[in-house]
Amino acid sequence: AGTTWFSKGAILELKQRRQLWLLPLAGMGIAVGIASFAFLLSRNYRALYLLGLQIGAPELVFFYALLAGWALVFFVSIPLGLSVLYYSRDTRGLIPLPIKPFNLVLSKTILLYLYTLPLHLLLLIPALVIYGLPQPFSLEYALVAVVQLLLGSTVPLALAVLLVFLLTKLV
């Protein structure tokens with residue numbers, strides 16, 4: 001009860017059942033799924049980039065990628081925020097410790113950011129590559145891209161956390 005595929009107990013159970021072959025198979029399935037999603041996404045982003053070139057706004061691909069990333073991070077962060085900030089099992093054990101409540105909430109919010117960051121990166125990196133490859137290299141674009149990759153998900157995440165705080169006050 002309570003084990004996941006990658007926990008120590010689950011791996012020992014798979015070893016006892018002689019089913020360790022499931023782990024590489026699951027890993028390959030996940031890799032194929034992510035690769036096919038990234039391929040289809042990059043094809044769509046390429047079409048958006050070409051459309052943007054025709055209307056004189058090649059950054060259209062970046063706008064739509066950012067919009068999609070923000071929407072995904074916002075909607076995924078609401079149940080994740082409820083789970084991480086309010087319904088996690090470790091909160092009861094951490095409250096009696098000499099940790100300031102602000103630090104506890106801050107660390108859980110950072111954890112929530114780290115949970116949603118891969119989703120944001122998965123949607124934004126292909127757009128940045130498709131927009132950036134035809135452009136001549138500039139330090140300004142590289143700096144903006146890194147800042148956007150690392151901090152771009154903070155706006156929808158903050159809105160989702162605010163909504164979670166409001167929902168918990170109402171319930």
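Leaving out neighbours up to four places away in sequence, leucine 124 is in contact with Phe62, Ala65, Leu66, Gln148 and Leu149. The structure is a predicted model, and this briefing follows leucine 124 into the core to which it belongs, then turns to one helix and to two buried residues. In soluble globular proteins, nonpolar side chains tend to be buried together.

**The nonpolar cores**

- The largest nonpolar core holds 15 residues, and among these Tyr45, Val61, Leu124 and Leu128 touch the most other members.
- At least two residues of this core come from each of helix H2 (22-55), helix H3 (60-86), helix H5 (101-132) and helix H6 (139-151), while the largest share, six residues, is supplied by H5.
- There is also a second, separate core of seven residues, which includes Val73, Leu85, Leu112 and Leu157.

**Helix H6 and its two sides**

- With 13 residues at 1.5 Å a residue, H6 should span 18 Å, and this agrees with the model, where the end C-alpha atoms of the helix are 18 Å apart.
- The buried residues of H6 are Ala145, Gln148 and Leu149, and because they fall within an arc of 100° when the helix is seen down its axis, they line one face of H6.
- An α-helix has 3.6 residues a turn, so residues three or four places apart point the same way.
- The buried residues of H6 pack against H3 and H5, whereas the face turned away from the buried side carries the exposed residues Leu139, Glu140, Leu143 and Leu151.

**Proline 156**

- Proline 156 lies in helix H7, which covers residues 154-170, and it counts as buried because its relative accessible area is 4%, which is under the 20% cut-off.
- When residues up to four places away in sequence are not counted, proline 156 touches Trp70, Val73 and Phe74, and of these Val73 is included in the second core.
- Proline 156 and isoleucine 55 are separated by 101 residues in sequence, and their C-alpha atoms are 29 Å apart in space.

**Serine 77**

- Serine 77 has its place in helix H3, and with a relative accessibility of 1% this residue is buried, since buried means under 20%.
- Leaving aside neighbours within four places in sequence, serine 77 is in contact with Leu112, Thr116, Leu157, Ala160 and Val164, and among these contacts Leu112 and Leu157 are included in the second core.

Note on methods. Residues are numbered from 1 along each chain as its sequence is written. This is a predicted model: local features need pLDDT of at least 70, side-chain atom pairs count only at pLDDT 80 or more; totals for chains, interfaces and linings use all residues. Side-chain values use heavy atoms; hydrogens and water are left out. A nonpolar core is a set of buried Ala, Val, Leu, Ile, Met, Phe, Trp, Tyr and Cys residues joined through side-chain atoms within 4.5 Å. Buried means under 20% relative accessible area, exposed over 50%, partly exposed in between (1.4 Å probe, protein chains only). Helices (H or I, at least four residues) and strands (E, at least two) are DSSP runs, numbered from the N terminus. Contact means heavy atoms within 4.5 Å. The expected span of a helix is 1.5 Å times one less than its number of residues. The arc is that of the directions from the helix axis to the C-beta atoms.
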